[in-house]
Amino acid sequence: MAPEIRLRTCEPTEVDGRVVYRWRTDPLTQEMFFTRLTASWEKFFPVWRDGYFSDATLPPVFALDPTGRPAAILSFQRVPPKEGFDKCAEISINVAPEARGKGLATKALEMVGDYLEGCDLQAVFAVVKKSNPASCAAFQRAGFSFVDDYEHTDEHTNERIPVNCYCLRLGTV
């Protein structure tokens, strides 16, 4: 049974940023992301403070475990129209290394529709490496529909990465 969790909006603070930095620099996390994070904390913090919070209407959220501690982060970015939807965002999830395999990602992703209510979106998309079957399964278990598979080109290395794309249609805007 998946743990009971709740979502809490992240803050552009050093405290929240350090939590995300620790998770983001985990070796397995590095393998699952498109871009490896090589930045020091000093270089990451401005990205956290200014990049993750660049759209005040879509701040990232922590999924808190039953004890109230952050166990995952969900972040969002508005994207151009896609798959027949005019108002879209992409989602990314990063689960704390110590929280993996406990059903927390699926539970957090199941809460996305309610969290994004009122954000003027029609759909949220996830682009997931095929080499990350746990994430692919979590999105599908949470109600995201498979849309397509293709090769994503990494903008820094030009590496072509096989991915699956999933979509969660949101309530009417």
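**Figure 1. Ala-138, a buried residue in a helix.** Ala-138 is buried, with a relative accessible area of 5%. Welcome to this predicted model, which we enter through one of its helices. Ala-138 belongs to helix 6, which covers residues 133-141. Which residues does Ala-138 touch, leaving aside its neighbours within four places in sequence? The contacts of Ala-138 are then with Ala-105, Thr-106 and Leu-109. For a sense of scale, look for Arg-49 as well: Ala-138 and Arg-49 are 89 residues apart in sequence, and their C-alpha atoms are 28 Å apart in space.

**Figure 2. Thr-106, a contact partner of Ala-138.** Here we move to helix 4, made of residues 104-110, where Thr-106 is found. Is Thr-106 buried or exposed? Its relative accessible area is 10%, so Thr-106 counts as buried, the cut-off being under 20%. With neighbours within four places in sequence left aside, Thr-106 is in contact with Ala-138, Arg-141 and Ala-142. Ala-138, one of these partners, is the helix 6 residue that opened the tour. Gln-77 serves as a landmark for this view: Thr-106 and Gln-77 are 29 residues apart in sequence and 20 Å apart in space, from C-alpha to C-alpha.

**Figure 3. Asp-26 and its polar contact with Arg-100.** Asp-26 sits in a loop, with helix 1 (14-24) on one side in sequence and helix 2 (27-32) on the other. What share of relative accessibility does Asp-26 have? The value is 16%, so Asp-26 counts as buried, since buried means under 20%. The side chain of Asp-26 is joined to the side chain of Arg-100 by a polar contact of 2.7 Å. Arg-100 also appears among the residues in contact with Asp-26 once neighbours within four places in sequence are left aside, together with Pro-97.

**Figure 4. Thr-67, an exposed loop residue.** This view shows the loop between strand 2 (61-64) and strand 3, which is where Thr-67 is found. Thr-67 has 62% relative accessibility and so counts as exposed, the cut-off being over 50%. Which side chain makes a polar contact with the side chain of Thr-67? That partner is Asp-65, with a polar contact of 2.6 Å between the two side chains. Pro-97, already met as a contact of Asp-26, gives a reference point here: Thr-67 and Pro-97 are 30 residues apart in sequence and 16 Å apart in space, C-alpha to C-alpha.

**Figure 5. Two loop residues with positive phi, Glu-83 and Asp-120.** Start with Glu-83, in the loop that runs between strand 3 (70-79) and strand 4 (88-95). What is the phi of Glu-83? Its phi is positive, at about 50°, although Glu-83 is not a glycine. Glu-83 counts as exposed, at 53% relative accessibility. Now find Asp-120, in the loop between helix 5 (112-115) and strand 5 (123-129). Asp-120 is not a glycine either, yet its phi is positive, at about 60°. The relative accessible area of Asp-120 is 38%, so Asp-120 is partly exposed, which means between 20% and 50%.

**Figure 6. The whole chain, as a setting for the close-ups.** How many helices and strands does the chain have? There are six helices and seven strands. Read from the N terminus, they follow the order β-α-α-α-β-β-β-α-α-β-α-β-β. The chain is as compact as a globular protein of 173 residues, because its radius of gyration of 15 Å is close to the 16 Å given by the globule rule for that length. Along the principal axes, the C-alpha atoms fill a box of roughly 40 × 40 × 35 Å. Of the 173 residues in the chain, 43% are buried, and Ala-138 is one of the buried residues. Among contacts with a separation of 6 or more, 64% come from residues 24 or more positions apart.

**Figure 7. Surface and charge of the chain.** The accessible surface comes to about 9,400 Å², and 51% of that surface belongs to carbon and sulfur atoms. How many positive and negative side chains are there? The chain has 20 positive and 24 negative side chains. The centres of these two sets lie 4 Å apart.

Technical notes
Residues numbered from 1 in each chain as written. Predicted model: local features only at pLDDT ≥ 70, side-chain atom pairs only at ≥ 80, totals over all residues. Heavy atoms only, no water. Helix = DSSP H or I, 4+ residues; strand = E, 2+ residues; numbered from the N terminus. Rg over C-alpha atoms; globule rule 2.2 N^0.38 Å. Buried < 20%, exposed > 50% of the residue type's maximum accessible area, 1.4 Å probe, protein only. Contact = heavy atoms within 4.5 Å. Areas by Shrake-Rupley, 256 points an atom, 1.4 Å probe, with all protein chains shown as cover. Lys, Arg positive; Asp, Glu negative; His and termini not counted. Charge placed at Lys NZ, Arg CZ, Asp CG, Glu CD. Polar contact = N/O pair within 3.5 Å; in protein donor to acceptor, adjacent residues only side chain to side chain.
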